[in-house]
Amino acid sequence: MRDVRKLSQRDFAAKLTEKGMPVDASAVSRIENGTRSVRLVEALTIAEVLDTELDWLVSGSKSISQQFTSMRKRATNALLELGEPVTAAAYHLWETRWFLSKNPELLGELSDEELGAPSDADSYLSWVASRMERWVVTDEEIILADSQEELDQIIDVLHRLVRMHVQLRTAPEADFEDSNVSAEDPQDYGLAAFKGEDNIAFDDEPHET
């Protein structure tokens with residue numbers, strides 16, 4: 001990792017010393033050779049200087065099985081954390097389209113130099129999707145797959161996650177008549193009702209990738 005950061009042992013020692021871990025090049029050499037123990041606070045400093053996570057730094061001391069388990073946990077946690085923002089984004093897109101359908105005069109406020117404006121509320125989300133294609137994504141935000149098959153599989157997993165959180169409403173609007181919920185205003189029932197009561201739940205099974 002030090003070599004990847006293009007740091008000599010002397011430069012690395014200087015940076016560690018600046019962060020409150022006074023060492024010299026010989027101490028760095030002993031740490032790398034495993035002849036000098038490292039305290040937790042020192043390990044945290046090393047991770048900070050190398051701009052990496054402590055778990056990643058110590059992964060070399062784990063067995064292959066332990067490393068694989070950690071990778072799966074990271075992937076699972078990342079997918080679980082995506083659930084809420086995916087639901088929120090879907091709701092706000094749906095809410096905006098719904099509001100536009102009730103107030104079509106607002107179409108005049110939408111404009112794009114290349115796309116113009118959507119013709120009606122039904123074409124609004126397609127218009128948004130076309131505008132998204134021009135969003136700027138930095139290199140740090142891009143994951144490069146090694147093959148088309150691998151790319152398709154990753155996208156499939158993410159697509160399935162979205163489908164879990166964005167589903168077709170099957171309950172008729174008449175169901176709202178027997179409750180305090182209004183089918184006329186999405187703000188009356190918010191995210192929970194938008195998602196519906198039949199969402200997939202994982203309470204009875206572990207979350208694993």
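Helix α5 (residues 64–102) and helix α6 (residues 124–132) have axes that come within 10 Å and cross at roughly 130 degrees, where helices are DSSP runs of H or I with at least four residues, numbered from the N terminus. The axes are lines fitted to C-alpha atoms over the stretch in contact, and the angles run from 0 to 180 degrees between N-to-C directions. α5 and α6 are therefore oblique to each other, a word for angles that are not under 35 degrees (roughly parallel), over 145 (roughly antiparallel) or 65 to 115 (roughly perpendicular). On the α5 side the contact is made by Leu93, Thr96, Arg97 and Leu100, and on the α6 side by Tyr124, Leu125 and Val128, with contact meaning heavy atoms within 4.5 Å.

This is a predicted model, in which local features need pLDDT of at least 70 and side-chain atom pairs count only at pLDDT 80 or more, while totals for chains, interfaces and linings use all residues. Residues are numbered from 1 along each chain as its sequence is written, and side-chain values use heavy atoms, with hydrogens and water left out.

α5 also packs against α7, at an angle of about 50 degrees and with the axes 10 Å apart, and α5 and α7 are therefore oblique to each other. Here Leu79, Leu82, Gly83, Val86 and Thr87 of α5 meet Val157, Leu158, Leu161, Val162 and His165 of α7.

Elsewhere, helix α1 (residues 9–18) packs with helix α3 (residues 40–49) at about 115 degrees, their axes being 10 Å apart. Phe12, Lys15 and Leu16 in α1 meet Thr45, Ile46 and Val49 in α3.

The table sorts the contact residues by class, with Ala, Val, Leu, Ile, Met, Phe, Trp, Tyr, Cys and Pro counted as nonpolar, Asp, Glu, Lys and Arg as charged, and the others, Gly among them, as polar.

| Contact | Nonpolar | Polar | Charged |
|---|---|---|---|
| α5 with α6 | 5 residues | 1 residue | 1 residue |
| α5 with α7 | 7 residues | 3 residues | no residues |
| α1 with α3 | 4 residues | 1 residue | 1 residue |

The largest pocket is lined by 18 residues, and Ala89, Ala90, Leu93, Val162 and Val166 lie nearest its centre. A pocket is an open set of points on a 1 Å grid over the protein atoms alone, where a 1.4 Å probe fits and protein lies on both sides within 12 Å along at least five of seven lines, and lining residues have an atom within 4 Å of a point. α5, α6 and α7 (148–165) each supply at least two residues of this lining, and the largest share, 6 residues, comes from α5. By class, the lining has 15 nonpolar, 1 polar and 2 charged residues.
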